[in-house]
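Student: Could you take me through one part of this structure closely? I'd like to look at the largest pocket and what surrounds it.

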Amino acid sequence: MKFFIDTANLAQIKEACDLGVLDGVTTNPSLMAKEGIKGIKNQHQHYIDICRLVQGDVSAEVIATDYEGMIREGEELAALNEHIVVKIPCIADGIKAIKYFTSKGIRTNCTLVFSAGQALLAAKVGATYVSPFVGRLDDVCNDGIGLVARIVEMYRAYNFKTQVLAASIRHTQHIIQCAEVGADVVTCPLSAIKGLLNHPLTDAGLAKFLADYQKTNG
Ligand code: G3P
């Protein structure tokens, strides 16, 4: 399973990269806004800066919601760097735009996916990634991980090439569950990635080893 980080924060991307586990980055308009990056020029530069940090796929989302606008923005984004994946919302014009980008060899991430039906359409038009939102489904008493599992099973049955990128990951248990149901990629906040390391028995065991070493070598 590939690990992506779900942020536009350069320091966090670098920290995850330095840990040696990072395969890519996903961003969205909310995450870009959080970094306070204003204006198209600066936003494009920020995507380029992210691409320089991580040698992996970087999802950059279009703002337009109409077909022509998505094509225009997506082509601009894709031209920024070879690692850019154009992120497109799962709406009718978005599906049409993904079909266009597939025909042009431009990679896409179909986002805001909350049902197996939406994931089926994304795969039909050749999306590179599909992003089911696990946490947001859980927030409304739905089964986010269950949806990831259904999509994985459905894609396997028909040998769809679209990769299942589990998004809206909130904690370490989501990451483990995604791995258990066979997600291709999980995109998570840095805190969830680092949380995988935590275990009190590791800390206690290390403290004891060091204390015993000090007794004889002190
Ligand atoms: O990038 C989309 C997704 O990961 C959003 O997560 O936590 O805002 O639901 P969240």
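**The largest pocket**

Tutor: Happy to. In this predicted model, 24 residues line the largest pocket, and D6, T7, N28, L31 and P189 are the ones nearest its centre. Its volume is about 360 Å³. Among the secondary-structure elements, helix 2 (residues 29-34) gives the most to this lining, with three residues. Sorted by class, the lining holds eight nonpolar, 10 polar and six charged residues.

Now to the occupant: the ligand sits in this largest pocket. Around the ligand you will find D6, N28, K87, F133, R136, A167, S168 and R170. That shell divides into two nonpolar, two polar and four charged residues. D6 and N28 are worth finding on your screen, as they appear in the ligand's surroundings and also among the residues nearest the pocket's centre.

Next, look at the side chains that approach oxygen atoms of the ligand. A polar side-chain atom of D6 is 2.4 Å from one ligand oxygen. For R170, an N or O atom of the side chain lies 2.9 Å from an oxygen of the ligand. K87 places a polar side-chain atom 3.1 Å from a ligand oxygen. As for cover, the ligand has 310 Å² of accessible area on its own, and the protein covers 82% of this.

To put the site in context, the second largest pocket contains about 180 Å³ of space. It is lined by 14 residues, with I40, Q43, Y47, E61 and I63 nearest its centre. There, helix 3 supplies the largest share of the lining, four residues.

How values were computed
Residues numbered from 1 in each chain as written. Predicted model: local features only at pLDDT ≥ 70, side-chain atom pairs only at ≥ 80, totals over all residues. Heavy atoms only, no water. 1 Å grid on protein atoms, 1.4 Å probe; cavity = no way out; pocket = protein on both sides within 12 Å on 5 of 7 lines; lining within 4 Å. Points joined across faces, edges and corners; volume = space filled by probe spheres on them. Helix = DSSP H or I, 4+ residues; strand = E, 2+ residues; numbered from the N terminus. Nonpolar A, V, L, I, M, F, W, Y, C, P; charged D, E, K, R; others polar. Near = heavy atom within 4 Å. Polar contact = N/O pair within 3.5 Å; in protein donor to acceptor, adjacent residues only side chain to side chain. Areas by Shrake-Rupley, 256 points an atom, 1.4 Å probe, with all protein chains shown as cover. Sits in = over half its atoms within 2 Å of the grid points.
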